[in-house]
Amino acid sequence: MTPDFPIVGIGASAGGLAALADFFSGIPPEQDPGMAFVVVQHLSPDHESVLPDLVGRQTRLRVLQAEDGMEVERNCVYVIPPNRDISLSDGRLHLTDPHGPRGQRLPIDSFFRSLARDQQGRAVGVILSGTGSDGTLGLRMIKGEGGMAMVQDPETAEHSGMPRSAVRTGLVDFVLPPAEMPAQLMAYVRSALAEGSGSHGPETSRPEAPSGSPDAWQMLFSEIRDRTGHDFSHYKDSTVHRRLKRRMAVQQVDRLEDYVRFLKSSPEEVDALFQDLLIGVTRFFRDPQAFQALGNAVSEIIAGKSPGAPIRVWVPGCSTGEEAYSIAILLREEMEAMECSLPVQIFATDIDPRAIEVARAGLYPASIAPDLPDQELARFFVSDKTDETAFRIREDIRDMLVFSEQNVLSDPPFSKLDLISCRNLLIYLDQDLQKQLIPLFHYALNPDGLLFLGTSESVGDATDLFEALDRRMSLYRRREMSQDQMRPTTGPFGRPRRKTRSARRPPDEKRPPGGPPLPLRRITETALLTETAPVAALVDESGKILYLHGRTGLYLEPAPGEGEMNVLRMAREGLQRDLSIAFHRATTRQERVQRDGLKVRTNGDSVMVDLVVRPVPRGPGVNEDSQDQQGSPLFLIILKAVQDDASAGPAPGVSLGTDKSELERRIVELEEKLEASEGYLGATQEEMQSTNEELRTSIEELQSANEELQATNEELETSQEELQSLNEELATVNTELESKVSDLSRSRNDMDNLLAGTGIATIFVDEELRIQRFTPTATRLMNLIKADRGRPVGDLASKLVNYDSLTDDIHGVLDTLEAREREVQTKDGQWYLLGIRPYRTLGNVIEGAVVTFVQISELKKAQAAIREAEGLRRLAVVVRDSSDPISSVDLEGRIQAWNPAAERIYGWSEADALQMNYLDLVPESLQAEARSIFESARSGLEIEPFRTDRLTRHDQTVTVWLTVTGLVDEEGRPYGVSSTERPLPPQSREEG
């Protein structure tokens, strides 16, 4: 059972714990949010998760660790357990073992996809702090189903990779700090999903339209059209209403008139609404079975191509390019399997400039990996150098496609195509637009070209234009139109338009007078069939009437509108429904179908009839009625009238007592009059039929002349459209080339500024060790000028000391393909780290080496300082472990250092001693002696060791052997005195 409340999926990774704490602490404690939360965090598979406890301390909601089959309840938080993947189906959580190696799993994307499929319009996706791009594709799918997307402000995220990846899609509704998200989320739910407005599915329900006047709706579409140049007034109401109500909920606007006023003052909101209306749920090889069917059909097209003939493909509504690249990969694989190579031109178009930019870049997040087999991912994608978590399409596949902005509804189409892939675009358009696009695709395709639609789409009643190769996978082949079908004419912008055509006249049941006499057997058989055989109609698989037998007027009547001899549309009331059901079953199963006792209304009365629909095998002598009927199956529809038994009685108004002879005479007289009247009526009918035939002949001659004129006009228009299409293709290719030139120029400028700005001396050499390029900094180390490009690097004089093996080292790197590093010194005493690495192209081809010089003089100084500090550290250890009191004082007598032995003997702690003057340790009688020591130290005089007395903290006198050393800085200036005081034993004191 699907829950009737929103379910919020929250994805987080590195740095997500703090973000989750902020998020749940932002839920008002006095108010229930009225929704459920499912937290998907990248967890270590080897440790128990503390996430439930962490979240539980921040909210009063129930926090549970998810279990398999657990039903989701309102106002609860569910946390993913370690080393499991989680999904949602029918309102229940399901746990599975993770797929893929550790480090490549994408649990957030996986859950968001299941959330979008299950909850659709009620799904909400939240992305918090994390690295990589997990969650981006899942968020796109949530938006495609009419849900809402919320992302942490990257500036507040500890790791901004996941938030930035999501924001770059342009589909995010709110970018907020985590603490502000719950309030905005609850406001959105109250506005968007109140009273059941959060519908399920993009097209499965009809949400209530936002209240507003017709003028408000007209102004809404006018604002979008003025801002974007695209008209959405013919999109399906359900699509527009759902996306519009969601945007109104985001802006918290209730009335359509107020929202239109807001649009007029906010161009950014017009862009946001435009993006919402354009959301395309797409991925690589969506519906794998459909692509398998397409591969089988494409192989026939490849086999029928002559050497060098291009395969031309059009992908309208390509979105971000996944579908177009999938077709390119499919064509490459099919050609490799058939061991042939043909040029491929794939024109991928869309009206969304952001989506086109993404498609042109060919850069996709790592979350596409589950959509592609490992073999295809490795063959046709490479890891991006700027973002190791992303995949870039290979150049040879990218060169097969041309991306361009184009409106399929108004711009000229491409022509002479072998395949059109228009998947999941028609379902968002109303019937009028669909009926315009199908003939447009028919016009653009070559004979036997393929039309590939979404699994929820079809060509409708245009079965005269396309035949189904795989109806379930929506794969069709173009049919050639016969002469009795109307030729397509072109409407505005080169779009084909069907002409009105008259109903096809069924064959006459009687031969016209004056024909050759028929054999007696044929006359007898015809008379018997007229009396006993039931009414029947021979039709093709689309229901088009090819031949009628018997009096069909009781059961069939012309349908209103354009004249069309289709038995399903001509069936009378009471017959139409059962005939459609029986005909569909007979065509799909190729079996005889019977329906008995049908009550058919005819001319104010009703008749009982039995219905039979059966396939008719074709014989070798069957005369084909039209070109499009060749090879298609035939079906015979038989209608047998059922007569009710009725009791006979005397005719009213006839008296039984009437004289028998008089009655017989009267009957004969009436019969003669009746026969005469019938003869007169028959002659009149024959004259009228003859006149009608003459009129029909004249009309057909006029129609034929009109057809010739229209054919000439169509040829002229077709030539014009081909020129327009060719011009469109040239403009598209030109735009693509300009884009590539701009990208190359920008990359060249970036590279030049990067090399100049880093300050790293760099020299590029080829395989022959000839200089190709160098940075300005390199001239400080090598005697380089611009004219040295092309010279061998070994011919140049360097400014390095004791290093002359540069060419040998470069040869060694090119032989082993392993980098080398050397520390070298220049003549002016500067140190550099010399690095040599192979020069690799995008195709992983070695074309030389790169030599870099990194300044490490400061590093050398730091290493020397470290060595000096290490010596001081060892000295400090000696001082600390000495059993004699050691202290250091400045020239003013202030104590600067105080070892543990001094603390033990004199009684003052180090902290107390550092606040004292050294004279505080000297008895009053020896103060002058101590001052003289400081004066000698200032003068730099050497002081011999001597015996003296010192005072302890408790005013006891200690006799010590004093050794005084003067302290000087690097320039030889004295700055203090170091004293070592060895206490003398009692006998030594007495001797003194």
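Among contacts in the protein chain between residues at least 6 apart in sequence, what share joins residues at least 24 apart? The share is 63%. This is a predicted model.

**Overall make-up**

The protein chain has 992 residues, and buried residues make up 44% of them. Its secondary structure comprises 26 helices and 37 strands. About 53,100 Å² of the protein chain is exposed. Carbon and sulfur atoms supply 49% of that area.

**Nonpolar cores**

In soluble globular proteins, nonpolar side chains tend to be buried together. Here, the largest nonpolar core holds 49 residues. Leu-220, Phe-232, Ile-420, Phe-441, Leu-451 and Phe-466 touch the most other members. Several elements give two or more residues to this core: α7 (214-228), α8 (237-250), α9 (256-265), α10 (267-277), β16, α16 and β17 (445-453). The top contributor is α16, with six residues.

Phe-232 shows what such a core member touches. Neighbours within four places in sequence are left aside here. Phe-232 is then in contact with Phe-221, Ile-224 and Val-240. Phe-232 also contacts Phe-274, Leu-277, Leu-278 and Ile-351.

A second core is separate from this one and has 47 residues. Its members include Ala-293, Val-298, Ala-359 and Ile-368.

**Cysteines**

A disulfide is a covalent bond between the sulfur atoms of two cysteines. How many disulfides does a search of the whole structure find? The search finds zero. Two cysteines can be placed by their exposure. Cys-318 is buried, at 2% relative accessible area. Cys-340 is partly exposed, at 28%.

**Positive phi outside glycine**

Asn-424 is not a glycine, yet its phi is positive, at about 60 degrees. Asn-424 sits in a loop that runs between β16 (417-422) and α16 (431-444). Both of those elements also give residues to the largest nonpolar core. Asp-955 is another non-glycine residue with a positive phi, of about 65 degrees. The loop that holds Asp-955 lies between β35 (946-951) and β36 (957-968).

Is each of these loop residues buried or exposed? Asn-424 counts as partly exposed because its relative accessibility is 24%, between the 20% and 50% cut-offs. Asp-955 is exposed because its value of 63% is over 50%.

The table lists the accessibility of the four residues discussed singly.

| Residue | Relative accessible area | Class |
|---|---|---|
| Cys-318 | 2% | buried |
| Cys-340 | 28% | partly exposed |
| Asn-424 | 24% | partly exposed |
| Asp-955 | 63% | exposed |

Technical notes. Residues are numbered from 1 along each chain as its sequence is written. This is a predicted model: local features need pLDDT of at least 70, side-chain atom pairs count only at pLDDT 80 or more; totals for chains, interfaces and linings use all residues. Side-chain values use heavy atoms; hydrogens and water are left out. Helices (H or I, at least four residues) and strands (E, at least two) are DSSP runs, numbered from the N terminus. Buried means under 20% relative accessible area, exposed over 50%, partly exposed in between (1.4 Å probe, protein chains only). Contact means heavy atoms within 4.5 Å. Accessible areas come from the Shrake-Rupley method with a 1.4 Å probe; for residues, only the protein chains shown count as cover. A disulfide is a pair of cysteine sulfur atoms within 2.5 Å. A nonpolar core is a set of buried Ala, Val, Leu, Ile, Met, Phe, Trp, Tyr and Cys residues joined through side-chain atoms within 4.5 Å.
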